[in-house]
Amino acid sequence: MGAVKARRYAKITDEEALEYLPLLQRVRDASEVTPVLLDRLFGAWAQEGHPRPGKSVLIQAYRALVRMGRLPEEREMMRRLQLKPVRTISGVAPVTVLTKPYPCPGQCIFCPDDVRMPKSYLPDEPGAMRAAMNQFDPYLQTANRIKAFETIGHSAAKVELLILGGTWSVYPKKYQEWFVKRCLDAMNGVDARGLEEAQRLNEGSDHRNVGMVVETRPDWITPKEVERLRWLGVTKVQLGAQSLNDEILQLNKRGHDVEATRRAVRLLRLGGFKIVLHWMPNLYGATPQSDLEDFKRLWDDPALRPDELKIYPTALLAGTELYELWKQGLYHPYEDDVLVDLMIRLKLLIPRYCRLNRLMRDIPSTDIAAGYKHTNLRQIVQREMKKRGLRCQCIRCREVRGQSVEPDSLRLEVIPYETDVTREYFLSYVTPDDHLAGFLRLSMPNDPDASPVDELHGSAVIREVHVYGPALRIGSDSRGEAQHIGIGTRLIAVAKGIARRNGYRRLSVISAIGTREYYRGRGFRLERLYMHADM
Ligand code: SF4
Ligand SMILES: [Zn+2]
């Protein structure tokens, strides 16, 4: 008991305190704070990939930030922080790491260029600051992050690794391999001799890698790159699409066209990856009306239809080419109410199979020269939608989030949709009030031999299985929560049935190291880069 207490109240460092700055700013910016609202702020924070803080940690962080001069000392803030939020839970500990500063071949006119940072990151963004404090060392970043989760009593038995920074595919291959290996070494607590050994060791580690994400440019995705990403252990790829209009892409000097995005999405889909697109409203040359049209293309164009989406309204940053255009009166950031209204319209277009991860980047408001500066755009949009009786249908807005689930009340929902190269099935179990207890993405290629990876030829492919519930230690017991009532198993059985009816004799799955055991228990065996089950 004593030891637990000592761990829970361990003193946090200034570095850890800085990490909570944006969250504390949101608490401060809110016009009014109730336990429910506080919980929502915390929940949104955790969904963005941060560890969910306990009350004492947040108070400590606030005191440290006051001492550092980053926040003013206010009685009201202390009162807000002492409220007890209703705790919500998510299944996995997200660990975000940044690659070292490195040039990007892109010339995007809105992108900041700080030599101390990987391209597109600002030195005072909390994640970037934390990475710099660890000298961008992958081992230190991962190890410290895991420690941060455990200090606040959050399990890190399942780790989703989010590798951010510039354009991943541009980094030297040796560096990529070393970087991933060192992240795994930190999870394993052992220095392996090479990447493949680190991957093997991770299968039995206390901190298993259950997902790996990188961000890159569409024009760098080739068949070879798809295979290599899988070899590194990647399960999800974030692509900067930014716009689906060649003219806008050109005006903003993106250096690739819409066709490049289509090609990349196609290859990744056929490689079984989960696909996240980044999309930006308010680029140079866009209007709210053209943005709305552009956004519709994400869903109307069968070559796109991403699984997840990040909307990043263009932030006007000093030192960029866009900033010069603004000074010349050639560029105008949208007014606040125009942006909020646009966001609401966009949200209403998102289909049920897509997850809107973010609708704003965590850029400190002090860096933004003009335009929308509040960090709580999501909350404002949500409040406004509620007022108007509107509801976003995206995955994120429907997740059960720790609500207990009655297995018998769940309804299976099957959403089929076409892409230019596959027939997709989004299978989910939904509660009576339309919350998601879990889902599965099944891809059936129109041409069974179309995948850039030979190993997938002739296979229907599960690109994702996601069941909601708290992050538990692997092997520990629990009842009632979504992760443990066999929702995943049921979804896989449904997927098998659909694949079989469509003439497939083999079902494959892209699996992170930490999920191999799970799939083995369900009849899959590991070949080289994927796991397979005959049917
Ligand atoms: S591709 Fe990304 S990182 Fe590179 S310049 Fe463009 S926005 Fe910046
Ligand atoms: Zn939503």
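An open sheet of 7 strands follows the order β8-β9-β10-β11-β12-β14-β13, and its pairing is mixed. The model described here is predicted. At the edges of this sheet stand β8 (411-418) and β13 (525-526), each of which pairs on one side only. Helix α13 (residues 258-270) packs on the sheet, where α13 touches β9 (422-430), β10 and β11. The direction of α13 makes about 65° with that of β9. Within the sheet, β10 (residues 436-445) and β11 (residues 460-467) run antiparallel and are joined by 6 bridges. One residue pair can be named here: Leu-442 has Ile-462 in β11 as its bridge partner. Helix α19 (residues 487-501) lies across β8, β9, β10, β11, β12 (506-509) and β14 (531-534). Relative to β10, α19 runs at about 25°.

**The parallel sheet**

Another open sheet is formed by 7 strands in the order β1-β2-β3-β4-β5-β6-β7, with parallel pairing. Its edges are β1 (93-98) and β7 (355-358); each has a single partner strand, so one side of each is left without a neighbour in the sheet. From one strand to the next, the twist averages 25°. Helix α9 (residues 173-188) packs on this sheet and touches β1, β2 (158-164) and β3. Its direction makes about 150° with that of β2. Strand β3 (residues 208-216) runs parallel to β4 (residues 236-242), and 4 bridges join the two. Glu-215 stands opposite Gln-238 in β4. Helix α14 (residues 288-300) lies across β5 (274-279) and β6 (308-311), and runs at about 170° to β5.

The helices described with the two sheets are listed below.

| Helix | Strands contacted or crossed | Angle and reference strand |
|---|---|---|
| α9 (residues 173-188) | β1, β2, β3 | about 150° with β2 |
| α13 (residues 258-270) | β9, β10, β11 | about 65° with β9 |
| α14 (residues 288-300) | β5, β6 | about 170° to β5 |
| α19 (residues 487-501) | β8, β9, β10, β11, β12, β14 | about 25° to β10 |

**Domains**

The domain assignment divides the protein chain into domain 1 (2-82), domain 2 (90-211), domain 3 (217-398) and domain 4 (407-534). The centres of domain 1 and domain 3, taken over C-alpha atoms, are separated by 29 Å. To the contact between them, domain 1 gives 9 residues and domain 3 gives 7 residues.

**The zinc site and its surroundings**

The zinc ion (ligand 2) has as protein donors the SG atoms of Cys-392, Cys-394 and Cys-397, at 2.2 to 2.3 Å. The sequence spacing of these donor residues is C-x1-C-x2-C. Cys-392 counts as buried because its relative accessibility is 5%, under the 20% limit. Cys-394 is also buried, at 0% relative accessibility. Cys-397, with a relative accessible area of 23%, is partly exposed.

The whole structure was searched for disulfides, and 0 were found. Cys-354 is in no disulfide; its nearest cysteine sulfur belongs to Cys-394 and is 6.9 Å away, whereas a disulfide requires sulfur atoms within 2.5 Å. Cys-354 is itself buried, at a relative accessible area of 0%.

Helix α17 (residues 377-387) has Leu-377, Arg-378, Gln-379, Val-381 and Met-385 as its buried residues. In an α-helix there are 3.6 residues a turn, so residues three or four places apart point the same way. After α17 comes Gly-389, which has a positive phi, near 70°.

Methods:
Residues numbered from 1 in each chain as written. Chains lettered and ligands numbered in written order. Predicted model: local features only at pLDDT ≥ 70, side-chain atom pairs only at ≥ 80, totals over all residues. Heavy atoms only, no water. Donors = N, O, S within 2.8 Å, 3.2 Å for Na, K, Ca; no water. Buried < 20%, exposed > 50% of the residue type's maximum accessible area, 1.4 Å probe, protein only. Pairing = 2+ DSSP bridges. Axes fitted to C-alpha atoms, helices over the stretch in contact; angles between N-to-C directions. Contact = heavy atoms within 4.5 Å. Domains from an automatic or database assignment.
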